[in-house]
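Work through these exercises with the model open beside you. Try each task before you read its solution.

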Amino acid sequence: MIPQANVIVSDEGLILQNTAGLGSCKYNGEGYTCTMILVNHPSHHTIENIQADAEVIAIFNNPTGKYLCVSSLVRVNPSQTSASHFFNAFVGYADPTQKYTTVNLGDNWGLFMMVPPAGSYFVYDGSLVVTPSRSVKWVVL
């Protein structure tokens with residue numbers, strides 16, 4: 001659970017950032033810390049050549065210098081969903097006239113909210129979608 005982060009509007013998309021970390025995960029037995037979440041509209045990735053309304057990319061790194069991007073494709077839904085709390089905690093505070101806006105995410109906010117309850121995923125080697133370009137392992141949910 002992360003209580004606070006900065007919201008940034010940039011050319012890459014909407015960024016949620018906290019240098020202390022937005023959460024952590026293990027991949028192939030190695031620990032990673034997420035310092036940035038990027039929300040793009042529309043999605044970078046497609047499934048069966050269909051682009052999603054948006055894509056949430058959690059960018060992780062670890063002490064050895066490896067990067068991991070975990071991506072969740074998003075469809076717009078006018079009704080309240082389990083993902084609504086995740087987005088409502090920061091999207092409405094994006095202000096392109098400010099360098100960044102600090103937001104309180106709340107006690108129950110966490111990266112787990114961007115992970116679908118079930119489904120498949122794709123894994124491949126690629127590069128970061130933000131500068132500087134680096135080699136990363138992608139996990140697309």
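**Exercise 1. Describe the overall fold.**
Count the helices and strands, give their order, and judge how compact the chain is.

*Solution.*
Step 1. The chain has one helix and 11 strands. Helices (H or I, at least four residues) and strands (E, at least two) are DSSP runs, numbered from the N terminus.
Step 2. Along the sequence the order is β-β-β-β-β-β-β-β-α-β-β-β.
Step 3. The radius of gyration is 14 Å, close to the 14 Å that the globule rule gives for 141 residues, so the chain is as compact as a globular protein of that length. The radius is taken over C-alpha atoms, and the rule is 2.2 Å times the number of residues to the power 0.38.
Step 4. The C-alpha trace spans about 35 × 35 × 30 Å along its principal axes.

A note on the input: this is a predicted model, in which local features need pLDDT of at least 70, side-chain atom pairs count only at pLDDT 80 or more, and totals for chains, interfaces and linings use all residues. Residues are numbered from 1 along each chain as its sequence is written, and side-chain values use heavy atoms, with hydrogens and water left out.

**Exercise 2. Quantify burial, surface and contacts.**
What share of the residues is buried, and what share of the surface belongs to carbon and sulfur?

*Solution.*
Step 1. Of the 141 residues, 40% count as buried. Buried means under 20% relative accessible area, exposed over 50%, partly exposed in between (1.4 Å probe, protein chains only).
Step 2. The accessible surface is about 8300 Å², and 52% of it belongs to carbon and sulfur atoms. Areas come from the Shrake-Rupley method with a 1.4 Å probe; for residues, only the protein chains shown count as cover.
Step 3. Take contacts (heavy atoms within 4.5 Å). Among those between residues at least 6 apart in sequence, 49% join residues at least 24 apart.

**Exercise 3. Check the cysteines.**
How many disulfides are there?

*Solution.*
Step 1. Apply the cut-off: a disulfide is a pair of cysteine sulfur atoms within 2.5 Å.
Step 2. The count is zero.
Step 3. For Cys-25, the nearest cysteine sulfur is that of Cys-34, 8.3 Å away. Cys-25 is partly exposed, at 23% relative accessible area.
Step 4. For Cys-69, the nearest cysteine sulfur is again that of Cys-34, at 9.3 Å. Cys-69 is buried, with a relative accessible area of 0%.

**Exercise 4. Map the aromatic cluster.**
Which residues do ring pairs link into a cluster?

*Solution.*
Step 1. Set the criteria. Rings of Phe, Tyr and Trp (its six-membered ring) pair if their centres lie within 6.5 Å; planes under 30 degrees apart count as stacked, over 60 as edge-to-face and the rest as tilted.
Step 2. The structure holds six aromatic pairs.
Step 3. Phe-86 and Phe-87 have ring centres 5.2 Å apart and planes at 90°, so this pair is edge-to-face. Both residues are buried.
Step 4. Phe-86 also pairs edge-to-face with Phe-90, at 5.6 Å centre to centre and 90° between the planes. Phe-90 is buried as well.
Step 5. The linked set is Phe-86, Phe-87, Phe-90 and Trp-109.
Step 6. Now place Ala-89: the loop between helix 1 (84-88) and strand 9 (101-104). Ala-89 is buried at 8% relative accessibility. Not counting residues up to four places away in sequence, Ala-89 touches Val-103, Asn-104, Leu-105 and Trp-109.

**Exercise 5. Find the unusual backbone.**
Where is a peptide bond cis, and which residues have a positive phi although they are not glycines?

*Solution.*
Step 1. Recall the background: most residues other than glycine have a negative phi, and most peptide bonds are trans.
Step 2. The bond from His-41 to Pro-42 is cis, with omega near -5°. Pro-42 sits in the loop between strand 4 (30-40) and strand 5 (46-47).
Step 3. Glu-48 has a positive phi of about 50°, and Asn-49 one of about 65°.
Step 4. Glu-48 lies in the loop between strand 5 and strand 6 (50-51), and Asn-49 lies in the loop between strand 5 and strand 6.
Step 5. Glu-48 is exposed at 73% relative accessible area; Asn-49 is exposed at 76%.

**Exercise 6. Place Ser-43.**
Is Ser-43 buried or exposed, and what does its side chain reach?

*Solution.*
Step 1. Ser-43 is in the loop between strand 4 and strand 5.
Step 2. Ser-43 is buried, at 3% relative accessible area.
Step 3. The Ser-43 side chain reaches the backbone oxygen of His-45 at 2.6 Å.
Step 4. Leaving aside neighbours within four places in sequence, Ser-43 is in contact with residues including Gln-51, Asp-53 and Leu-73.

Technical notes
Polar contact = N/O pair within 3.5 Å; in protein donor to acceptor, adjacent residues only side chain to side chain.
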